[in-house]
Amino acid sequence: MTAGTIDGVLFDIDDTLVDTRGAFALALAAVSAVWLPGLAPERAGEVLAHWRADVHGRYRQYTRGEVGYDQQRMDRANDLHRDFGGPQLDEQGYAEWNALFERTFSGSWAAHADASVLVDRLLAAGIKVGALSNAGTAYQVRKLTGAGLIDRVPMLVGVDTLGFGKPDPRVFTEACARLGTAPERTAYVGDELDVDARAATAAGLTGIWLDRSGAGSAVHAGRVVTAGESDRVIRSLAELPGLLGLDRPGDRPGPGA
């Protein structure tokens, strides 16, 4: 890939621009202290891994438009409690659980250390940037605001924009239309290999997997997904300019940008 072949970069938000993993860890610790008081502190990592793995695919059901946001989160909370010895939550119990979870979660939103510098580099190179996420638009605007990115990274498409989310190719083309770039001249960067990078590639964009762990594989909705030779992979957002051909300070896109 050379400078001038990409006019725009679309970003996933959670665990791409924003450290959602860290915020989840704090939120889960808060609810565990109340609803899982007998849980040994050293099992906090298991709780976080369980939540993020979402082996029953609750969040994917939401992004397909099959259930509402609160329903998927309540189901995930009860999945967690069932496997770690907590009480089954009814609607009132879930409301209390979620109030504590959400207060801690939203209060912990912060950008990854490499996000702001990378966004500034792209904008300085004349590349348009925007966000495409599988969460609700207003919710993600709040997240980008809390992370200090909303003034530079507009929230373009959420799961509520079309009523469904990634990996459907229509959400990628809609985001490109709103960004003002052609899909074939747009990159999409996200932390999920299948739903982000491969789905973007299938939609005609340049899909890039942000593999911060460097493991080369990840568990998504209970499935292990492993990168292949055709997948474009970076371990940090700092590697993106090099992948896009912006290797030297002052590089700019070529004609047609």
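User: What is a salt bridge, and how far apart are the closest N and O atoms of the one between Glu46 and Arg43?

Analyst: A salt bridge is a side-chain nitrogen of Lys or Arg within 4 Å of a carboxyl oxygen of Asp or Glu. This structure is a predicted model. In it, Glu46 and Arg43 form such a bridge. The closest N and O atoms of this pair are 3.0 Å apart.

User: Are Glu46 and Arg43 buried, partly exposed or exposed?

Analyst: Buried means under 20% relative accessible area and exposed means over 50%, with partly exposed in between. Glu46 has a relative accessibility of 40%, and Arg43 has a relative accessible area of 31%. Because these values lie between the two limits, Glu46 counts as partly exposed, and Arg43 is likewise partly exposed.

User: How many salt bridges does a search of the whole structure find?

Analyst: Side chains of opposite charge can pair when their charged atoms come close. Examples here include Glu66 with Arg64, at 2.7 Å between the closest N and O atoms, and Asp168 with Arg170, at 2.8 Å from N to O. Over the whole structure, the search finds 19 salt bridges.

User: Which residues are linked with Lys166 in a network of salt bridges?

Analyst: Lys166 belongs to a network of salt bridges rather than to an isolated pair. The residues linked with Lys166 in this network are Asp12 and Asp196.

User: Which residues of strand β1 point one way, and which the other way?

Analyst: In a regular strand the side chains alternate between the two faces of the sheet. Strand β1 covers residues 8–11, and all of the residues named here are buried. Gly8 and Leu10 point one way, and the other way point Val9 and Phe11.

User: Which residues stand opposite Gly8 in β2 and Phe11 in β4?

Analyst: Strand β1 runs parallel to β2 (residues 128–132), joined by 4 bridges. With β4 (residues 186–190), β1 again pairs in the parallel sense, over 4 bridges. Opposite Gly8 in β2 stands Lys128, and opposite Phe11 in β4 stands Val189.

User: In what order do the 6 strands of the open sheet stand, and which are the edge strands?

Analyst: The 6 strands form an open sheet with parallel pairing, in the order β3-β2-β1-β4-β5-β8. An edge strand pairs on one side only, and this is the case for two strands of the sheet: β3 (155–157) and β8 (232–234).

User: By how much are neighbouring strands of this sheet turned against each other on average?

Analyst: One parallel pair of neighbours is β4 and β5 (residues 206–210), joined by 4 bridges. In that pair, Val189 stands opposite Ile208. With direction ignored, the average turn between neighbouring strands of the sheet is 35°.

User: At what angle do helix α1 and helix α2 pack?

Analyst: Helix α1 covers residues 20–35 and helix α2 covers residues 44–53, and their axes are 10 Å apart. Helix α1 passes α2 in a right-handed crossing. Among the residues that meet are Phe24 and Leu28 in α1, and Leu48 and Trp51 in α2. The packing angle is about 115°.

User: Which helices do the buried residues of α2 pack against?

Analyst: The buried residues of α2 are Val47, Leu48, His50, Trp51 and Ala53. After the helix comes Asp54, with a positive phi near 45°. The buried residues of α2 pack against α1, α4 (69–84) and α5 (91–106).

Technical notes
Residues numbered from 1 in each chain as written. Predicted model: local features only at pLDDT ≥ 70, side-chain atom pairs only at ≥ 80, totals over all residues. Heavy atoms only, no water. Buried < 20%, exposed > 50% of the residue type's maximum accessible area, 1.4 Å probe, protein only. Pairing = 2+ DSSP bridges. Axes fitted to C-alpha atoms, helices over the stretch in contact; angles between N-to-C directions. Left-handed = near helix turned anticlockwise from the far one by under 90°. Contact = heavy atoms within 4.5 Å.
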